[in-house]
Amino acid sequence: AAPAREHWTRRSVPWLGALFIVVIVALAAIDIVRGYRASTADTVRELETRTRVIVEQTARSLQAIDVVMRHLARQVHLDGATDPEALHRQLREQAIGLVQTDGLVVHDAQGRAVATSWMHPPPPAANISDREFFREARDLFNEPREDSPGQLYVGTTLRSRIDGQWFFPVGRHIESGTGQFLGTVGARGRVDYFQQFYRDAQLEPGTQTSLMHRNGTLLARYPTVDEAHGKRFPLFDELVAALAAGQPPPT
């Protein structure tokens, strides 16, 4: 019996060792999976938090612009300000602190610049009668849409004819006491301001942040890709449709 037990012991040692190794590998694999899931969950939570911060920052930035433009639209209408130099001074004062813009401008119903905050008299290039965003803003006044409450207009990113900088137009109409379209008060939303903020809020080098217009065009992005500004991305429509349907986003 003793030789048999000794033989069995010698045979069982390798199997026990192998079983011990398998158990260790299994436990290590479980720890890796748990760590991966925990890391993924932490990353998702951090991304969601950063997304909320970016959304709030964008909303507050536009609201600050709109508050000033609302005030100016009422003042131009109520005071009947027609002196371009006096209006220039008023715009210059109101533009102080609006770091998310490159200045304020008032255009008449024909798209001609009446006054700007950055110089007087306005440069000829400030005429926007041929700009699509001016026609859209004018049409929005004549035919209000449910998706544009309060007549605030945000246009697609484009390059300025004055200084070559990328910007997106933000505007609000000016109307007469009888409800006629008199023109617009607008601002040049600074693309580089938002891109700077996205850079500062970046999680890691591989993270990309994009600010999209609801029409599917790119307003701002970090890392910066100038040729993508103002371009339309069909994937955005798929993302919005999936969100509305309560489905996961397309990959």
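Visitor: Where is the place of proline 121?

Guide: Proline 121 is in the loop between β2 (113-116) and α3. Those labels follow DSSP runs numbered from the N terminus: helices are H or I, at least four residues, and strands are E, at least two. Residues are numbered from 1 along each chain as its sequence is written. This is a predicted model, in which local features need pLDDT of at least 70, side-chain atom pairs count only at pLDDT 80 or more, and totals for chains, interfaces and linings use all residues, while side-chain values use heavy atoms, with hydrogens and water left out.

Visitor: What is the omega of the cis peptide bond that joins histidine 120 and proline 121?

Guide: The omega is about -5 degrees for the cis bond from histidine 120 to proline 121. Most peptide bonds are trans. Tyrosine 222 and proline 223 are also joined by a cis bond, with omega near 0 degrees. Proline 223 lies in the loop between β8 and α5.

Visitor: What secondary structure does the chain have?

Guide: Five helices and eight strands. The order along the sequence is α-α-β-β-α-β-β-β-β-α-β-β-α.

Visitor: How many aromatic pairs does the structure hold?

Guide: The structure holds five aromatic pairs. Take the one between phenylalanine 134 and phenylalanine 181: their ring centres are 6.3 Å apart, with 55 degrees between the planes.

Visitor: Why is the pair of phenylalanine 134 and phenylalanine 181 called tilted?

Guide: Rings of Phe, Tyr and Trp (its six-membered ring) pair if their centres lie within 6.5 Å; planes under 30 degrees apart are stacked, over 60 edge-to-face, and the rest tilted. At 6.3 Å and 55 degrees, phenylalanine 134 and phenylalanine 181 therefore make a tilted pair.

Visitor: Why does this pair tie together parts that are apart in sequence?

Guide: Phenylalanine 134 lies in helix α3 (residues 132-142) and phenylalanine 181 in strand β6 (residues 181-190), so the pair connects parts 47 residues apart.

Visitor: How do you know that phenylalanine 134 is buried?

Guide: Buried means under 20% relative accessible area, exposed over 50%, partly exposed in between (1.4 Å probe, protein chains only). Phenylalanine 134 has 1%, so it counts as buried. Phenylalanine 181 has 14%, so it is buried too.

Visitor: What makes phenylalanine 141 and phenylalanine 181 an aromatic pair?

Guide: Their centres lie 5.4 Å apart, so they meet the cut-off for a pair. The planes are at 45 degrees, and the pair is tilted. Phenylalanine 141 in helix α3 and phenylalanine 181 in strand β6 are 40 residues apart. Phenylalanine 141 is buried. Ring pairs thus join Phe134, Phe141 and Phe181 in a cluster.

Visitor: Why does arginine 188 count as sitting over the ring of phenylalanine 167?

Guide: The rule asks for NZ of Lys or CZ of Arg within 6 Å of the ring centre and within 35 degrees of the ring normal. For phenylalanine 167, the charged end of arginine 188 is 5.3 Å from the ring centre, so the distance test is met. Arginine 188 also lies over the face of tryptophan 118, at 5.8 Å from the ring centre.

Visitor: What makes a space a cavity and not a pocket?

Guide: On a 1 Å grid over the protein atoms alone, a cavity is a set of points where a 1.4 Å probe fits but cannot get out; a pocket is an open set with protein on both sides within 12 Å along at least five of seven lines; lining residues have an atom within 4 Å of a point. Two cavities of 30 Å³ or more are counted. The largest cavity has about 310 Å³. Among its 24 lining residues, Val105, His107, Ile128, Phe133 and Phe167 lie nearest its centre. The second largest cavity holds about 40 Å³. β5 gives the most to the lining of that second cavity, three residues.

Visitor: What volume has the largest pocket?

Guide: About 1200 Å³. Thirty residues line this pocket, and the closest to its centre are Thr51, Ser210, Met212, Phe236 and Leu239. α1 supplies the largest share of the lining, seven residues.

Technical notes: Points joined across faces, edges and corners; volume = space filled by probe spheres on them.
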